[in-house]
Amino acid sequence: MEEKELIKYFKSLGLTVNTRTKARGHQGFFMKNRIDISKSTPPHRVVPTLLHEFAHYIHSKIEPASIKSCGHLEVIFKSDNPVIETELLKVTNFVDENSLCLRLYEHKERVKVKIKKYEKIVKKDYPGFQRSKKFTEFDSYIKKSKAKYLLKYDRVRVLGGLFNHKAEIFTIDNIEKDFPQMPAAFAAYIRLKSAQRKQLRISARINRYRKYYKKPSELFARLVEGLYLDKERACALAPYTTRRFYELLGEGYYKELLNIL
């Protein structure tokens, strides 16, 4: 089916379809018999996105609690075979390359290189330095310096004293300018701590993405997308799961999805 046919069919089922919204999801969103498609969705992505959101609708009919719980693969496929999740993740990676988090992993690797660079600078003056242990020489020095605020933030605005209302702004990039007397090893250590914070943030984002893409409701929706985009490839990536899917589809388990696929 083409876009207009799909929308007409969805509306015949009592669904409200909006294709000119901001959408609460990346490109589309489903909730309470309503499908929103973002107006910024590229033309070639509209149909796959409509199918993705319709799959959520079908899932909500099979497993009503899935709207809040994200569902269970055992219910969606009436099987507890662990290979299902493994295969669906492969289809997800094919359908949505963002699920691979490649840019985030590349960014994380670049930050890792920076950490090693800063560590090398610190060790030049303090050979016994270890990231996992206290840097006592630095701790003694930093107590008397306003640079201590940069241990938690890359950019800080420090207010003046009681009779001085002028604020000072310090940043990671201007350490040498703002604190000309600071030893190079200590400046490198502050930047090392900043890089470690960044590394933690990237890891947290990767974990959030991985958790999102592993949700049963999302795995099912991307399978439907994959079967539309390239049925042969989807079946090759998930032989057991697609076979099971078509068995249930033929039995009417996926309800109105049968009329589309």
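Two strands count as paired if DSSP finds at least two bridges between them. On that basis, 3 strands of this predicted model form an open sheet with mixed pairing. Helix H2 packs on the sheet and also meets helix H10. The largest nonpolar core has 41 residues, and H2 gives the most to it.

**Sheet**
- The strand order is S1-S3-S2.
- Strand S1 (16-21) and strand S2 (28-31) are the edge strands, and each pairs on one side only.
- From one strand to the next, the twist averages 15°.
- S1 and strand S3 (residues 34-38) run parallel and are joined by 4 bridges.
- Thr21 stands opposite Ser38 in S3.
- Helix H2 (residues 43-62) touches S1, S2 and S3. The direction of H2 makes about 20° with that of S2.

**Nonpolar cores**
- In the largest core, Phe10, Phe77 and Tyr254 touch the most other members.
- Several elements each supply at least two residues of this core, including helix H1 (3-12), S3, H2 and helix H4 (73-76). Helix H5 (83-95), helix H10 (216-229) and helix H12 (239-250) are also among them.
- H2 supplies 9 residues to this core.
- A second, separate core has 29 residues. Val111, Leu150, Leu192 and Ala195 are among its members.
- Phe10 touches Leu15, Val17, Ile35, Leu50, Phe54 and Ile260, leaving out residues up to four places away in sequence.

**Helix pair H2 and H10**
- Two packed helices are described by the angle and the distance between their axes.
- The axes of H2 and H10 come within 8 Å and cross at roughly 140°. H2 is therefore oblique to H10, because angles over 145 degrees would be needed to count as roughly antiparallel.
- The crossing of H2 and H10 is right-handed.
- On the H2 side, the residues in this interface are Arg45, Val47, Pro48, Leu51, His52, Ala55, His56 and His59.
- On the H10 side, they are Ser217, Glu218, Phe220, Ala221, Arg222, Val224, Glu225, Tyr228 and Leu229.

**His59**
- His59 lies in helix H2.
- The relative accessible area of His59 is 2%. His59 is buried because the cut-off is under 20%.
- Beyond its neighbours within four places in sequence, His59 contacts Ser66, Cys70, Gly71 and Ile76. His59 is also in contact with Ser217 and Phe220, and both of these residues belong to H10.

Conventions: Residues are numbered from 1 along each chain as its sequence is written. This is a predicted model: local features need pLDDT of at least 70, side-chain atom pairs count only at pLDDT 80 or more; totals for chains, interfaces and linings use all residues. Side-chain values use heavy atoms; hydrogens and water are left out. Axes are lines fitted to C-alpha atoms, for helices over the stretch in contact, and angles run from 0 to 180 degrees between N-to-C directions. Contact means heavy atoms within 4.5 Å. A nonpolar core is a set of buried Ala, Val, Leu, Ile, Met, Phe, Trp, Tyr and Cys residues joined through side-chain atoms within 4.5 Å. Buried means under 20% relative accessible area, exposed over 50%, partly exposed in between (1.4 Å probe, protein chains only). Angles under 35 degrees count as roughly parallel, over 145 as roughly antiparallel, 65 to 115 as roughly perpendicular and the rest as oblique. A crossing is left-handed if the near helix is turned anticlockwise from the far one by less than a right angle, and right-handed if clockwise.
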